[in-house]
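Me: I'd love a close look at one part of this model, starting from the beginning of the chain. Please follow the thread from there as far as it takes you.

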Amino acid sequence: FQDTPFTFSGAHTFSGAGNHWFGNSTVTLADAATALNVNGNFNIGSYGTTTLTGPGTMNVNSGGTLTIHPGTTTFSGSKLVTLAGSNSFIHKNGHSLEFNNGATWVNSGTVSMGNSTNALNGTSGTLFTNLPGGFFKTTTAQENRLAMPYLNSGTFEAESGSLLIASTGTFNNGSIKVAAGLGIHPIGGATVNFQGVGNTATGDGFFGPSNGNFSFAPGSKLTG
């Protein structure tokens, strides 16, 4: 599905050993009942502008892989769900990955920001939810930035390259893991709000504000 608009309605499954691709096109999910179910390898972008719009859902199931390539990519009003056992790769190389118009991303799999400079951006009303068992991690030495409202009950990990948190969000019994020499920092006035007593920080790297803030709800804790 490249270089031409396309509209999906109903449920559709993408499977097999080959690669499925949305590139330089607008893909519309017609209604809330529309679902794209990814069981194989799915790719978005690589050149031009690719937009996924409409109130439907893209589900990346266990064993499925989603790779978001360079080129401008936008989720507008749609829902992305990456389930446990799935792998998602953000390889934007300085291009934008945008969520707007109330679009959401719910993750219980592994999301890796790698290859080069990456940013996950979201306007007000969007939300990145990292559920228990979900991983959101850096896998490149370049700058990686989260600039989308978030709720983390899983793990944020700086594995290879620091993670800059440029949007206010919440840790609700969430975990931080930072490798030596790296950091995870709220920046630009962003606030990390902690809720619950199960928030943890591990590793030999640094987790702390850099022109950002920590805020703790009454009775909440961060253990490290």
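In which segment does aspartate 3 lie?

Reply: Happily! Aspartate 3 lies in the segment before strand E1 (6-8); strands here are DSSP runs of at least two residues, numbered from the N terminus. This is a predicted model, in which local features need pLDDT of at least 70, side-chain atom pairs count only at pLDDT 80 or more, and totals for chains, interfaces and linings use all residues. Residues are numbered from 1 along each chain as its sequence is written, and side-chain values use heavy atoms, without hydrogens and water.

The backbone is worth a look at this spot, since aspartate 3 is not a glycine and yet has a positive phi of about 65 degrees. Most residues other than glycine have a negative phi. Asparagine 101 also has a positive phi, near 55 degrees. Asparagine 101 lies in the loop between strand E13 (97-100) and strand E14 (104-107). It counts as exposed because its relative accessibility is 59%, the cut-offs being over 50% for exposed, under 20% for buried and partly exposed in between, with a 1.4 Å probe and protein chains only.

E1, the strand that follows aspartate 3, leads us into an open sheet. Its 10 strands are paired in parallel, in the order E1-E4-E7-E10-E13-E16-E19-E22-E25-E28. E1 and strand E28 (206-207) stand at the edges with a single partner strand each, so one side of each has no neighbour in the sheet. Two strands pair if DSSP finds at least two bridges between them. Within the sheet, strand E16 (residues 118-122) and strand E19 (residues 144-147) run parallel and are joined by 4 bridges, with asparagine 121 bridged to alanine 147 in E19.

Towards the E28 edge, strand E22 (residues 163-165) pairs with E25 in the parallel sense over 3 bridges, and isoleucine 165 has proline 186 as its bridge partner in E25. On E25 (residues 183-186), Gly183 and His185 point one way while Ile184 and Pro186 point the other, and all are buried. In a regular strand the side chains alternate between the two faces of the sheet. E25 also runs parallel to E28, with 2 bridges joining them; here glycine 183 is partnered by phenylalanine 206.

Back at the E1 end, threonine 34 sits in the loop between strand E4 (26-29) and strand E5 (35-38). Because its relative accessible area is 1%, threonine 34 is buried. Beyond residues up to four places away in sequence, threonine 34 touches Phe8, Ser9, Gly10, Leu29, Gly56 and Thr57, a contact being heavy atoms within 4.5 Å. Its side chain also makes a polar contact of 2.9 Å with the side chain of aspartate 31, which calls for a pair of N or O atoms within 3.5 Å, one able to donate a hydrogen and the other to accept it, with sequence-adjacent residues counting only if both atoms are side-chain atoms.

As a contrast to that buried threonine, glycine 224 lies in the segment after strand E30 (222-223). With a relative accessible area of 92%, glycine 224 is exposed. Glycine 224 and glycine 40 are 184 residues apart in sequence, and their C-alpha atoms are 38 Å apart in space.
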